Amino acid sequence: MFGKLIHKKSFGLAIVLFVFFLILPFFVSRFYIYIFALIFVTGLLATSLNIVLGYGGMFQFHHSVFYGVGAYGFVLMLTKTDLSPLFAFIVGPIVAALISLLLGLICVRLTKLYFGMLQLALGSLIWAIVFRWYSFTGGDNGIHGIPLPSIISSISGAYYFTLIITAICLIFMYLIVNSPFGSVFQAIRDNPERSEAIGVNVKRHQLIGLMIAGFFAGVAGILFVTVEGSVFPDMMFWTFSLEILIMCLLGGWFTFLGPMFGAAIIVSLRTFVGIYTEYWTLILGIVLMLLIFFLPEGVLGYFVERFQPHDKAVLSGEK
Amino acid sequence: MLRVEEIHKSFDDFKAVNGANLTVEKGKLVAVIGPNGAGKTTLFNLITGQLKADQGKVLFNEEDISSLPPYKICKRGIARSFQIANIFPRLTVFRNVQVSVLSQQEKSRKLFYPAKKLAVEETNSILESVGLSDRAGNTAGSLAHGDQRALEIAIALGNKPELLILDEPTAGMSPEETTATIELIKRLADSRELTILFCEHDMEVVFNAAQSIMVLHQGLTIIQGEPDQVRNSSQVQECYLGGAEPC
């Protein structure tokens, strides 16, 4: 089914990559397994943001809220109820999607920057609740020692779980951006007024898009918990939202895999430059400046433009 | 088919449309003329819901549509083009028209079906009829101005409208392009059995093409009638065609 949907060459490449990541844990140390798992999680989060940012043209400034809500929803279900962990896996993303709908209903009245500012404000409100509500969320300490199902409690178990769920989510998101919904969503990005004039209910489309993005951010939140074994309010602080925004821009926000690529760059930068200096953001700042001047479409966006002018389909899902 | 009754719209103190009346009968090619600032675009925006009227009614097939949002008016069967090329610049030409067809077929909310397999025939036939088939794969934003205007009309056609409203379809075009566009509009009206309402600056074009002409002056309808009737109206000559150089 998917073979026909996705360009043949890129389909082959995706399979090769997937197999590569499957056998990777046999060759590298635990530390690298952890880093790769973190890249998948963060990449999934950035890709979910890019659905509304790059494909929908909505300035979702505070996307990490839904990442946090998904993670907290999952953890609270695990620690506060006796229900099967399976429920927790389902509840996390659904709660994230619902919160996304709630914020969306308020924010979608505004457009562009105003949408972004209001979203940032409301998102920070949710962060503040989580940060302060000690009895329920653990406040600024977060929640540690989460009783994860044994199959994913080891680092390689968490790695495989993350890899497989991320791959599945990417496939679904790829299908969505290439569906009629995705086409219309891109039309709204390009020209909301015109979209309305061709019979599209713009606000409703945007709300559905926000819910989809929130849902996948929630999934990423769960994956983060399985990798890290804890939750803390920092994962939904606005500076982290800024970081994922940068990942999208860095990788290329008009390409499908760009945000994944951007996440890989930033996570590696933070990890490996972070070993030498705590001022790793200095390097990030310089990288960003160079990016704005030389690669305004992002790293992957640049390569797509330059080397595959007629074959945008591979990465951006334009066909 | 379409009836606009005593419609008013002001922006702060400025009365843009001040009692306009218009009747469009099925199958006719109707033009609205008037000098710059007469309120033509405002009138069209009032009909298609981009603006809400302060007073007055818009009736389409006997239904009052004046309080509906644009997307619902579109679903009733009115499609429009805009004065400035209003397209989806980052999408391909094909995609531009396809989204419009998908919206008309109520398929715009399908989430997991590949879009490239849907509405392909309809889209290609529309692109062919406006002469853009060979540029279907180009990015819309990279087209020449004249082609963008044609694409603009193609997007509107994707909605399979009963009534097509064109806001100055030849704005910014050379005389040759203007002639070609008017020919295109006439051809579309015939082949797709469309009713078309348009506004236009070029008098010659209007009097040759339109079957009914409405004259708008300072937001007020002076007359609506057949071209000869309008040409011979003393009122129109006085306030509009009076000068040596019409418009």
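**Two helices in chain A, two domains in chain B**

So, let's start with a crossing: α12(A) and α13(A) cross in a right-handed way. Before I go on, keep in mind that what you're looking at is a predicted model.

Okay, where are these helices? In chain A, helix α12 covers residues 238-251 and helix α13 covers residues 258-276. Their axes come within 7 Å, and the crossing angle is roughly 115 degrees.

Which residues of α12(A) meet α13(A)? Those are E243(A), I246(A), M247(A), C248(A), L250(A) and G251(A). Over on α13(A), they meet G258(A), P259(A), M260(A), F261(A), G262(A), A263(A), I265(A) and I266(A). If you sort the residues of that contact by type, you get 10 nonpolar, three polar and one charged.

Now let's hop over to chain B. This chain is divided into two domains: domain 1 takes in 1-77 + 161-247, while domain 2 is 88-160. Going by C-alpha atoms, the centres of domain 1 and domain 2 of chain B are 26 Å apart.

So how many residues of domain 1 of chain B are in contact with domain 2 of chain B? There are 12, and they touch nine residues of domain 2 of chain B.

Stay on the domain 1 side for a second. The elements giving two or more residues there are β7 (163-167) and α6 (175-191) of chain B. α6(B) gives the most, with five residues. As for residue types on that side of domain 1 of chain B, we have eight nonpolar, three polar and one charged.

That's my tour, thanks everyone.

Terms used. Residues numbered from 1 in each chain as written. Chains lettered and ligands numbered in written order. Predicted model: local features only at pLDDT ≥ 70, side-chain atom pairs only at ≥ 80, totals over all residues. Axes fitted to C-alpha atoms, helices over the stretch in contact; angles between N-to-C directions. Helix = DSSP H or I, 4+ residues; strand = E, 2+ residues; numbered from the N terminus. Left-handed = near helix turned anticlockwise from the far one by under 90°. Contact = placed C-beta atoms within 7 Å. Nonpolar A, V, L, I, M, F, W, Y, C, P; charged D, E, K, R; others polar. Domains from an automatic or database assignment.
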